[in-house]
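Morning, everyone. I have two short items today, one helix pair and one chain overview. Let me put the structure up.

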Amino acid sequence: MTDVAESSPARWLYASSTIIVAGCLIALIAFGVRATAGLFTAPISEAHGWGREVFGFAMAMQNLIWGLAGPFAGMVADRYGAMRVIVVGAFIYAAGTALMAFADTPGMLFLGGGVLMGIGIALTSFSIIMAAFGRLVAPEKRSWSFGIATAASSMGQFVFAPLGQLFIAAYGWQNALLLLAASTLLMVVLSVPLGASKGGVARGEKELDLSMRQALWRGFGHGSYLLLISGFFVCGFQIAFMTVHLPAYLIERGISASLAAWAIGIVGLFNVVGSYLAGVYGGHASRRQGLVFIYLARSAIIAAFILFPVTALSTVLFTASMGLLWLSTVPLTMGLVTLMFGTRYMATLYGFVFFSHQVGSFFGVWLGGYLYDRYGTYDPVWWISIALGVFAAIVHWPIREQLAASFAAPAR
Amino acid sequence: MLGRDHRLAIGLFLSLLAVAIVATMIAVRASALPDSASGKMLAVFDPRLEEPAMFAALVRAGGRPLRRTWLPSVWVVAGDAPGFAGSLKQAGAIGAYGELPISPELAGCFAYADARSRELFALRP
């Protein structure tokens, strides 16, 4: 690992704390601007006389594009470094957000809010940031840095939701989108400290010098990697299902709208703490065991919640504990990718893992609605979530928590 | 060593929280309606006030209470008379607002899902 802080003339700019803060702010902006989308559903739909499904489709498209573009964004980041990718991503993100303001046909909205924003997020989101941290931060702080990046991403929604609302109230929804587009360009400036990671050069001493193609080939030939990919599908499924359907489930079970709203807020708040603590934990203990625990705990908590009568107390306990486990899988999963394959191709290889997560998210949302319409209850999907949690724990258990043999340099 | 890292994390999160709180306060002020406003709006009361007292205040101001939101002290109310927003304040409301920037925030990786959740709890007249 190159000690950038020592070798650079602008030491403060490349100090690890500057890198961490800048990376966290990029993750925050990338996640935060995206999270303001809900504020524009009504104004855009009403201004153009479109049904809500047009906007919903653009957002669904954005998520799938984000997932699809993730591995490619990772490849570019691994090849050219995080800074360049973030700069390009910020401009694409800004263009997509600005295009939403001027979109007067559904096709333009799909292009701006769906395709361009999806690519922009893929190029600037926490997977790129964590990959940069993986290369720039000392190994003993790596897991901690993954945790803080994930937590900062989550904070983006708290920061940008009121800002988005403020912009709409003060300047109208179109100008608000333009202001949000401009704020994504802040990522260009913030990416400078991450420029210490040039890409294509960072490789640990124990890692073999591989080409991208070789790394992908060997990665997909590594059993533990495939297990990790299949396990992360479950994370996406559970989280997206609960995000969309939990409020409706609570209200259906007699919980007041007020408590349901607070319960959702509790998830969001505890998620910040849980993500950070998972990163800290991953620096000291087995990431594999941490993930096994998280998935088993999710299953046990969901089972207890739906088997017993839903009360105000059980709702608060459920959402608080689920919040702690919400995105806590992210730093541990990224940590395992780094451990198995080193830092050279971590953005690419995590990109594929994340794609599986986004596919799981899609199925969580879709199946939640489909099975509810078919059976008139959320119980089947809750039980599928429980079973998938157990499945994820089982597939994480045999993961070998060490550098993959096919990535290891021969001992001298 | 790690103590310094935790301090950095806590400092960062507290700073971000402060930004979020200030932004929310400014956004709430920006969504306040002038006294001359009329039509459908949000009436905000002191949370310590009982429900019947809030309801009575809405009626006293000449409004039609439409529904209570998930924040128990925030009501959606309609009033056609010019200066209805001012009447609400005279009747005991803290203020009259357009859409308020307060909603529970989730942090998932699926913006579509987050947007739907936000839409459900939006404080909108």
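Helix 8 of chain A crosses helix 15 of chain A in a right-handed sense. Keep in mind that this is a predicted model.

Now the geometry. Helix 8 of chain A covers residues 139-184, and helix 15 of chain A covers residues 329-341. Their axes lie 8 Å apart. The packing angle is about 140°. Angles over 145 would count as roughly antiparallel, so helix 8 of chain A is oblique to helix 15 of chain A.

Which residues meet? From helix 8 of chain A, they are Arg142(A), Ser143(A), Phe146(A), Gly147(A) and Thr150(A). Helix 15 of chain A brings Val330(A), Pro331(A), Met334(A), Gly335(A) and Thr338(A). By class, this contact between helix 8 and helix 15 of chain A has four nonpolar residues, five polar and one charged.

On to chain B. How many helices and strands does chain B have? Four helices and four strands. What pattern does chain B follow along the sequence? The order is α-β-α-β-β-α-β-α.

Next, burial. Chain B has 125 residues, and 50% of them count as buried. The surface that chain B exposes comes to about 5,900 Å². Carbon and sulfur atoms supply 61% of that exposed area.

Last, contacts within chain B. Take the contacts between residues at least 6 apart in sequence. Of those, 66% join residues at least 24 apart.

To recap the helix pair: helix 8 and helix 15 of chain A, right-handed crossing, oblique. Questions, please.

Definitions and conventions. Residues are numbered from 1 along each chain as its sequence is written. Chains are lettered from A and ligands numbered from 1 in the order in which they are written. This is a predicted model: local features need pLDDT of at least 70, side-chain atom pairs count only at pLDDT 80 or more; totals for chains, interfaces and linings use all residues. Side-chain values use heavy atoms; hydrogens and water are left out. Axes are lines fitted to C-alpha atoms, for helices over the stretch in contact, and angles run from 0 to 180 degrees between N-to-C directions. Helices (H or I, at least four residues) and strands (E, at least two) are DSSP runs, numbered from the N terminus. Angles under 35 degrees count as roughly parallel, over 145 as roughly antiparallel, 65 to 115 as roughly perpendicular and the rest as oblique. A crossing is left-handed if the near helix is turned anticlockwise from the far one by less than a right angle, and right-handed if clockwise. Contact means heavy atoms within 4.5 Å. Ala, Val, Leu, Ile, Met, Phe, Trp, Tyr, Cys and Pro count as nonpolar, Asp, Glu, Lys and Arg as charged, and the others, Gly among them, as polar. Buried means under 20% relative accessible area, exposed over 50%, partly exposed in between (1.4 Å probe, protein chains only). Accessible areas come from the Shrake-Rupley method with a 1.4 Å probe; for residues, only the protein chains shown count as cover.
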